[in-house]
Each structure stands twice: as C-alpha cells, then as structure tokens.
Amino acid sequence: MTTVITFGTFDVFHAGHLNILTRARALGDRLMVGISSDALNEQKKGRKPVYSEQDRMQIIAGLKCVDGVFLEESLELKAQYIQQYHAGILVMGDDWQGRFDSYSALCRVVYFPRTPSISTTSIIEVVKSL
C-alpha cells in the first residue's frame, strides 16, 4: 500500500487545489494532506487565512480523493510527518520545485504543475477589489 502525502494552506478552495489533490491520490492507495495551521500560514505568507484551520481541514477531509488530514504546525516537521504517515510519495506544486528534494531519502518526491490562471492570492485580490 502506497501512501501519498502533500501539504498546503488550501485557503479559498478552488479547482487548482482539487486538481493537485486528485492527481496526488492517483499516485497511490491513500492520500494524507497536511493543512498549514493558521499560525504557520501567517508566518509563511504574512497574513491569516480567510478560512480557519478547522474549516480548511473540514473542507479537505470532505473530498473523496482524500483519506485523511492533519494539522501541519511547522515546516521543519515535514520529515516527521512523512515518517509518521509512512508516506512513500511526497507531492508538491511545481512552484516549490527543488525545495523538497532533500526528502528523497525518505520517499519519492513529485512536483506537479500548477493549474494555469488559478491562484488563491489572485482570487483574494479580486474579491477585495469588489
């Protein structure tokens, strides 16, 4: 049984999120998704997510392609999460290309292309301008 793991904020859920999760699940038998905590997102992006970590976890957990979710508390714990969930494959978007290659000693690392013309940041900017 191959477990695939991925991480993200998954704020303002959109088709790009669904695409990467569906493609990630197709690589294995089980998909585990680490949802960045509100504090981690603020640290990474300098802003709080639109939706709370509990809401984002509930949204992702409700998808048929997702087998489980957990709260990602720190970027430095990725290796621990990979080992904890016995992941054989780590999937990330290609905007992170090369940044997770160090985990290739623990699992296969795969970078998927982002869905063109879709980003959470641009969606938030459009909504703010209305």
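Five salt bridges are present in this structure, which is a predicted model. Three of them are described below, together with the open five-stranded parallel sheet, the helix α1 that lies across β1, β2, β4 and β5, a nonpolar surface patch made by Val50, Tyr51 and Ile59, and the surroundings of glycine 28, a residue in the loop between α1 and β2.

**Salt bridges**

- Side chains of opposite charge can pair when their charged atoms come close.
- Arginine 47 and aspartate 11 meet through their side chains in a salt bridge with an N to O distance of 3.7 Å. This pair links distant parts of the chain, since arginine 47 belongs to the loop between α2 and α3 and aspartate 11 to the loop between β1 and α1, with their positions 36 residues apart in sequence.
- The two partners of that bridge fall into separate burial classes: arginine 47 counts as partly exposed because its relative accessibility is 25%, whereas aspartate 11, at 2%, counts as buried.
- A salt bridge also joins aspartate 38 to arginine 56, where the closest N and O atoms are 2.7 Å apart. Here too the pair links distant parts of the chain, with aspartate 38 in helix α2 and arginine 56 in helix α3, 18 residues apart.
- In this second pair the arginine is the buried partner, because arginine 56 has a relative accessibility of 0%, while aspartate 38 has 24% and therefore counts as partly exposed.
- Aspartate 95 and arginine 114 form a further salt bridge between their side chains, at 3.0 Å from N to O. Aspartate 95 lies in the loop between β4 and β5 and arginine 114 in the loop between β5 and α5 (120-129), so the bridge ties together parts of the chain that are 19 residues apart in sequence.
- Aspartate 95 counts as partly exposed at 40% relative accessibility, and arginine 114, at 42%, also counts as partly exposed.

**The sheet**

- Strands of a sheet pair through backbone hydrogen bonds, either parallel or antiparallel.
- In this model five strands make up an open sheet, arranged in the order β3-β2-β1-β4-β5 with parallel pairing. The edges are formed by β3 (68-72) and β5 (108-112), each of which pairs on one side only, and the twist from one strand to the next averages 25°.
- Strand β1 (residues 3-8) is joined to strand β4 (residues 87-93) by four bridges, the two strands running parallel, and within this pairing threonine 6 has valine 91 of β4 as its bridge partner.
- Six bridges connect β1 to β2, again with the strands running parallel. In β2, methionine 32 is the bridge partner of isoleucine 5, and isoleucine 35 stands opposite glycine 8.

**Burial of the strands and the helix across them**

- All six residues of β1 are buried, and both faces of the strand are covered, with Thr3, Ile5 and Phe7 on one side and Val4, Thr6 and Gly8 on the other.
- Strand β2 is largely enclosed by the rest of the structure, because six of its seven residues are buried.
- Helix α1 (residues 15-26) lies across β1, β2 (30-36), β4 and β5, and its direction makes an angle of about 145° with β2.

**Glycine 28**

- Glycine 28, found in the loop between α1 and β2, has a relative accessible area of 14% and is therefore buried, the cut-off being under 20%.
- Leaving aside residues up to four places away in sequence, glycine 28 touches Thr2 and Val4; Val4 is itself one of the buried residues of β1.
- Methionine 1 is 27 residues away from glycine 28 in sequence, yet the C-alpha atoms of the two residues are 7.4 Å apart in space.

**A nonpolar surface patch**

- Val50, Tyr51 and Ile59 together make a nonpolar patch of about 250 Å² on the surface.
- Valine 50, a member of this patch, is placed in the loop between α2 (38-45) and α3 (53-61), which is also the loop that holds arginine 47 of the salt bridge with aspartate 11.
- With a relative accessible area of 52%, valine 50 counts as exposed, because the class begins at values over 50%.

Notes:
Residues are numbered from 1 along each chain as its sequence is written. This is a predicted model: local features need pLDDT of at least 70, side-chain atom pairs count only at pLDDT 80 or more; totals for chains, interfaces and linings use all residues. Side-chain values use heavy atoms; hydrogens and water are left out. Patches are made of residues with over 30% relative accessible area and no salt bridge: like charges are joined within 9 Å, nonpolar side chains (Val, Leu, Ile, Met, Phe, Trp, Tyr) within 5 Å. Accessible areas come from the Shrake-Rupley method with a 1.4 Å probe; for residues, only the protein chains shown count as cover. A salt bridge is a side-chain nitrogen of Lys or Arg within 4 Å of a carboxyl oxygen of Asp or Glu. Buried means under 20% relative accessible area, exposed over 50%, partly exposed in between (1.4 Å probe, protein chains only). Two strands pair if DSSP finds at least two bridges between them. Axes are lines fitted to C-alpha atoms, for helices over the stretch in contact, and angles run from 0 to 180 degrees between N-to-C directions. Contact means heavy atoms within 4.5 Å.
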